[in-house]
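Q: Could you take me on a close look at one part of this molecule, the open sheet, and show how its strands fit together?

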Amino acid sequence: QVQLVESGGGLVQAGGSLSLSCVASMSTFRINAMGWYRQAPGKTRELVASISRDGNTNYADSVTGRFTISRDNAKNTVYLQMNSLKPEDTAVYYCNTNLPRNLWERAHWGQGTQVTVSS
């Protein structure tokens, strides 16, 4: 089974930055589009950023201009640089392949990494 190990979360004040990493143990990493997702308490999971195998990126409107997704295929790792953090960015952040929404509930997820932004 694929292992997804997220790290880099923590507690930061509003306006601060964090850098998340996710190592994916999949032999097909380099050909998969990858995504960073988040789930806040009481809210549904949302896709915040995705990156194609060729490096093309997409972002949710709420993070555009503040978050940057990148990948290193040699390390099977996807990154999320988060700047100008806001309290509403508080959530558990997960990485995964860029899944169709109808597969999110059935997909295998890692443990995630907690991001807490204080006001």
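A: Happily! Let's start with a pair of residues: G10 has V115 in β10 as its bridge partner. Please keep in mind that this is a predicted model. The contact between G10 and V115 belongs to a set of 4 bridges that join β2 to β10, residues 113–118, and these two strands run parallel.

Now look at β10 itself. T113, V115 and V117 make up its covered face, while Q114, T116 and S118 lie on the uncovered one. V115, the partner of G10, is therefore on the covered face, because that face holds T113, V115 and V117.

β10 also pairs with β9, residues 91–97: here 3 bridges join the strands, which run antiparallel. On this side, Y93 stands opposite T113 of β10.

Stepping back, the open sheet has 6 strands in the order β2-β10-β9-β4-β5-β6, and the pairing is mixed. β2 (10–13) and β6 (57–59) stand at the edges; each has a single partner strand, so one side of each has no neighbour in the sheet. Finally, neighbouring strands of this sheet are turned against each other by 25° on average, direction ignored.

Terms used. Residues numbered from 1 in each chain as written. Predicted model: local features only at pLDDT ≥ 70, side-chain atom pairs only at ≥ 80, totals over all residues. Heavy atoms only, no water. Pairing = 2+ DSSP bridges. Axes fitted to C-alpha atoms, helices over the stretch in contact; angles between N-to-C directions. Buried < 20%, exposed > 50% of the residue type's maximum accessible area, 1.4 Å probe, protein only.
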